[in-house]
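Take a walk through this model, from its nonpolar core to a single helix. Keep the 3D view open as you read.

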Amino acid sequence: MHVVVCVKQTPDSAARLSVENGQVTWGDSSLVVNPWDDYAIEEAVRLKEKHGAKATALAFGPESAKEALKTCLAMGCDEAILISDPSLDGSDALATSYILAQAIRKLGDVDLVLFGKQAIDGDTGLVPIAVARRLGWSPLTYTIKIAALDLAAQTITAERLVEQGKQVVTSRLPAVVGTVKDINEPRYPSFMGIRKAAKAVILTWSAADLGLEAGQVGAAGSATHWPQVYGLPARAGSVEMLTGTPAEIAVKLADRLLADKVI
Amino acid sequence: MSHKTWVFIEQFQGVIAPAALEALGEARRLAGVLGGGVTALLFGQGVEGLAAEVVAHGADEVLLADDATLAEFRAEPFAALLAQLAGERQPEVILAGATTRGRDLLGMAAVDLNASAFADVTDVSVADGQVQATRPVYAGKLLATVAAARRPVLISLRPRAFPKPEPDAARTGRVEMVSPVMAEDAIGTKILDYVVEAGRVSLADARIIVSGGRGVGGPDGFAPVRDLAEALGAAVGASRAAVDAGWIPYAHQVGQTGRTVAPDLYIAAGISGAIQHQAGMRSAKTIVAINKDADAPIFKLARYGITGDLFVILPALTAEFKQRLGK
């Protein structure tokens, strides 16, 4: 069994962001593995431990994204591949899904692709479902549990978190699983894992390696653009602190919320 | 001949999703700018009775697919049918609510149509005939304007970011039957079961949310949070700290690795307001913070702040609201 986990490198979730000359910056805050992806990496390593799967980590990004892949290796993934090529800069979510799908095709023998729910920078959540569509594989997004995996029958049963509660769904393999937080508790990389990852050779694939069509990738080949990025407007007004006995505070709050027509 | 502006009508067990009605209202508004009417897509089994409700809320045409393969939402058959219809009839824009279903549907269909996709937007505009949108990015810390280079433009709308239209029973519209394009054998996924939490107010659709954090101290500490939520008809939320401690299920988590919500009123009890929590609730219209620590960052976002013990304050609020709201 071959499991691929797709990861992205993003600014730390605690980073203070600003926009300078149209570019998003995060000062001296570090770049990390996208927090949603931690759950997907952990799930890949658990599938390796439970089913003897081979776990490959795949990232698309700049050279620096190798650090994110090293985290995957330190957590227990067997191999890591970076897709990096200046011609791919500016690819939107759908172009990214094409790049990742081509890489998964190149790997050839993949049974399951794991993703985090979305990346905390672009925040579209489009890539997992779009990769599933490009590969023609079943999409199991918002998965909180892989309930069963039958390699002989080539089926997977997953529990998905939807608005009304939990949905239990079964699918044939190969499939694309989009994980959400409840699926597991990600481990910290072990000391031995970190040492191994530091010495690991990370393969890099270019656009040519993947046979990508120029018209479908990069800023020019993308269907969406961000002409403007800007900070949030300041929140109107400042806080009014309500004081008194609990009963007095309750009366004051009720008065205000009713006057504001909030309740 | 269908219209330029399309909207997907999400329904679950015969009830139209609030986010779908909001999308229908926005479609109506957009159609006023783009010209023509609104075409609504209603897929399911035994849902023809919903067509009148869809028309009353703003559709001029309903493309209705009624089939066993569409009985439950599954991205593959729904996206295949949507893409087939859009490929034939060439709409300019297709809207849906940015729910789990709406986001999956539009993401898949965008691949089939080689289209533009904007996810989870909070505003849609038309500039020089081009559809644009505004969406929160970087976990809601920044906003981006997004523009489309390809047609159609598929847009999922953040729940509660757009007003729900008032129904008008006098509106009329045509209903056209359409046929599914995938046979059951060709669909990779089969739904075995739903475990639906009855009576629970969905966080995404909630007008009021009462959330508890580290300050509630344990699973029992959510009792006064639930009591206040009940008095207000509100949904119960939680911070990551409370979920990670195992005090309340993950489905309640608001924040960066939980749900993003936009209620009219958000009451945060015992939540300090870490930047990751703010990512999930900063678009609430009015925020009330209750915390022992007067320096907690949550007070910077709040309209009203109360410094004190939530176990004393919350019951007082519950009693007062029950009386005022006549419960």
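What follows covers the core, the domains of one chain and then one helix.

The model is predicted. Start with its largest nonpolar core, which has 204 residues. The residues with the most contacts inside this core come from two chains: Val5(A), Ala57(A), Cys77(A) and Ile99(A), along with Val7(B) and Leu82(B). Where does this core lie with respect to domain 1 and domain 2 of chain B? Both domains give residues to the core, so it lies between them.

Now pick out Ile99(A). Setting aside neighbours within four places in sequence, Ile99(A) is in contact with Phe60(A), Ile83(A), Leu88(A) and Ser91(A). Leu210(A), Leu212(A) and Val217(A) are also in contact with Ile99(A).

Turn to chain B. Its domain assignment gives domain 1 as 5-186 and domain 2 as 208-324. Taken over C-alpha atoms, the centres of these two domains are separated by 33 Å. Five residues of domain 1 are in contact with seven residues of domain 2. The domain 1 side of this contact has two nonpolar, one polar and two charged residues.

Last, look at helix α4 of chain A, residues 127-135. Is this helix mostly covered or mostly open? It is mostly covered, with nine of its nine residues buried. Among them are Val127(A), Ile129(A), Arg133(A), Arg134(A) and Leu135(A). The cover includes α3 (93-107), β8 (112-116), β9 (138-150) and β12 (175-179) of chain A. Chain B adds α3 (75-89) and α4 (100-113). Just after α4(A) comes Gly136(A), which takes a positive phi of about 75 degrees.

Terms used: Residues are numbered from 1 along each chain as its sequence is written. Chains are lettered from A and ligands numbered from 1 in the order in which they are written. This is a predicted model: local features need pLDDT of at least 70, side-chain atom pairs count only at pLDDT 80 or more; totals for chains, interfaces and linings use all residues. A nonpolar core is a set of buried Ala, Val, Leu, Ile, Met, Phe, Trp, Tyr and Cys residues joined through C-beta atoms within 7 Å. A residue is buried if 20 or more other C-beta atoms lie within 10 Å of its own, exposed if 12 or fewer, and partly exposed in between; C-beta atoms are placed from the backbone. Domain bounds come from an automatic or database domain assignment. Two residues are in contact if their C-beta atoms, placed from the backbone, lie within 7 Å. Ala, Val, Leu, Ile, Met, Phe, Trp, Tyr, Cys and Pro count as nonpolar, Asp, Glu, Lys and Arg as charged, and the others, Gly among them, as polar. Helices (H or I, at least four residues) and strands (E, at least two) are DSSP runs, numbered from the N terminus.
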